[in-house]
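Please open the model in your viewer and keep the selection panel at hand. The tour below proceeds from one selection to the next.

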Amino acid sequence: MAKRILVPLSGRDRDEGIVPLVAALAREWGATVRLLRVFPMPEVVVGPNGRVVAYLDQQMARLSGEGTAHLQTVESRLDGVPVESVVRFGDTVREILVESEAFGAELIVLRASSRNWMKRLFAPSAADRVARKAQVPTLLLRQRYSPNTLGLIGTPLARPTSLWSSKRSRRSA
C-alpha cells in the first residue's frame, strides 16, 4: 500500500479521468496525493520590432498561475484526501522523475495514450518513458477507445459498414 502517490497531469481533460481512481486509492490506503503539472521552459517573447514583450520570469509566473489554478480545480475533486500541488518547468519526463524522488513517491499514476505496441516501441509517450525509468511502481491507465472516434466515450469502435459490407459481398459472389 502506497502512502505517497504522485499524479502528473498535462492539463488535458482526458488526463483527469484518473482522478476518481486516485481518490479511491488514496482514501483506501490513507495516502497523500501530490498533483504535478510540468510546463516546458518558456522563452522570452520578442515583438516584430525586436523589443521584448514578455520576459522569462513573466512567462513563468503566468504559466505557474495557470498550472496552479488547474491543479486547484482537480484538488477540489479529491475530497477527504490530503493533497499537495506542484508546478515545475523543464523536460516532462525528467521533472516527473525528480519530483517523484523529492516527494518520496511510492506510486506514480499516469494517464497513457492508447497507442499500439509498435508506436510505443519506436516513439514512446512521456508516460511510457516515465514507466521505464522510474524507480517506483508506475500505474499507467490506458483508454482503449478514443472519444473522438465516434463522439461517445467508451463505445467500442465499429467497422465502417460500407467497407465491411463491400468486402462481404465480394466474398459471397
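Strands, as the word is used here, are DSSP runs of E with at least two residues, numbered from the N terminus. With that convention, Val86 belongs to strand S5. The model under inspection is a predicted one.

**Whole chain**

Begin with the whole chain in a cartoon representation. Seven helices and seven strands make up its secondary structure. From start to end, their order is β-α-β-β-β-α-β-α-β-α-α-β-α-α. Colouring by relative accessibility will show that 34% of the 173 residues count as buried. Contacts also reach far along the sequence: of those between residues at least 6 apart, 70% join residues at least 24 apart.

**Val86**

Select Val86 in strand S5. Is this residue buried or exposed? Val86 is buried, because its relative accessible area of 18% falls under the 20% limit. Beyond its neighbours up to four places away in sequence, Val86 touches Arg34, Leu35, Leu36, Arg37, Leu71 and Glu99. Add Pro8 to the selection and draw a C-alpha to C-alpha distance: Val86 and Pro8 are 9.4 Å apart in space, with their positions 78 residues apart in sequence.

**The salt bridges around strand S5**

Next, display the charged side chains. Side chains of opposite charge can pair when their charged atoms come close. The structure holds six salt bridges. Select Arg34 and Glu84, whose closest N and O atoms are 2.5 Å apart in a salt bridge. This pair links distant parts of the chain, since Arg34 is in strand S2 and Glu84 in strand S5 (residues 83-89), 50 residues apart. Arg34 counts as buried, at 14% relative accessibility, whereas Glu84 is partly exposed, at 29%.

Move to Arg88 and Glu99, which form a salt bridge with a closest N to O distance of 2.5 Å. Arg88 lies in strand S5 and Glu99 in helix H3, so the pair ties together parts that are 11 residues apart in sequence. Arg88 counts as partly exposed because its relative accessibility is 22%.

Now centre on Glu99 itself, within helix H3 (residues 92-103). Why does Glu99 count as buried? Glu99 counts as buried because its relative accessibility is 3%. Leaving aside neighbours within four places in sequence, the contacts of Glu99 are Leu6, Arg34, Leu36, Val86 and Arg88.

Add Arg94 and Glu95, whose side chains meet in a salt bridge at 2.6 Å, N to O. Glu95 is buried, with a relative accessible area of 5%. Keep the charged residues selected together: salt bridges that share partners join Arg34, Glu84, Arg88, Arg94, Glu95 and Glu99 into one network.

**Arg37**

Remain on strand S2 (residues 32-39) and select Arg37. How far away is the nearest side chain of opposite charge? That side chain is Glu66, 6.1 Å away, and Arg37 is buried yet has no salt bridge. The pair fails the salt-bridge criterion because a side-chain nitrogen must lie within 4 Å of a carboxyl oxygen. Show the backbone of Ser10 as well: its oxygen lies 3.2 Å from a polar atom of the Arg37 side chain. Apart from residues up to four places away in sequence, Arg37 touches Leu9, Ser10, Gly11, Gly67, His70, Leu71, Val86, Val87 and Arg88.

**Leu110**

Turn to strand S6 (residues 107-112) and select Leu110. Leu110 counts as buried, with 5% relative accessibility. A C-alpha to C-alpha distance drawn to Leu9 gives 7.6 Å, for two residues 101 apart in sequence. The residues that Leu110 touches, not counting those up to four places away, include Pro8, Ile18, Ile96, Ala127 and Val130. Extend the selection to Thr138, Leu139, Leu140 and Leu141, which are also among the contacts of Leu110.

**Aromatic rings**

Finally, show the aromatic side chains. What lies over the face of Phe103? Arg4 does, at 4.2 Å from the ring centre. A last selection concerns rings paired with each other, of which the count comes to one aromatic pair.

Definitions and conventions:
Residues are numbered from 1 along each chain as its sequence is written. This is a predicted model: local features need pLDDT of at least 70, side-chain atom pairs count only at pLDDT 80 or more; totals for chains, interfaces and linings use all residues. Side-chain values use heavy atoms; hydrogens and water are left out. Helices (H or I, at least four residues) and strands (E, at least two) are DSSP runs, numbered from the N terminus. Buried means under 20% relative accessible area, exposed over 50%, partly exposed in between (1.4 Å probe, protein chains only). Lys and Arg count as positive and Asp and Glu as negative; His and the chain ends are not counted. A polar contact is a pair of N or O atoms within 3.5 Å; within protein, one must be able to donate a hydrogen and the other to accept it, and residues adjacent in sequence count only if both atoms are side-chain atoms. Contact means heavy atoms within 4.5 Å. Rings of Phe, Tyr and Trp (its six-membered ring) pair if their centres lie within 6.5 Å; planes under 30 degrees apart count as stacked, over 60 as edge-to-face and the rest as tilted. A charge sits over a ring if NZ of Lys or CZ of Arg is within 6 Å of the ring centre and within 35 degrees of the ring normal.
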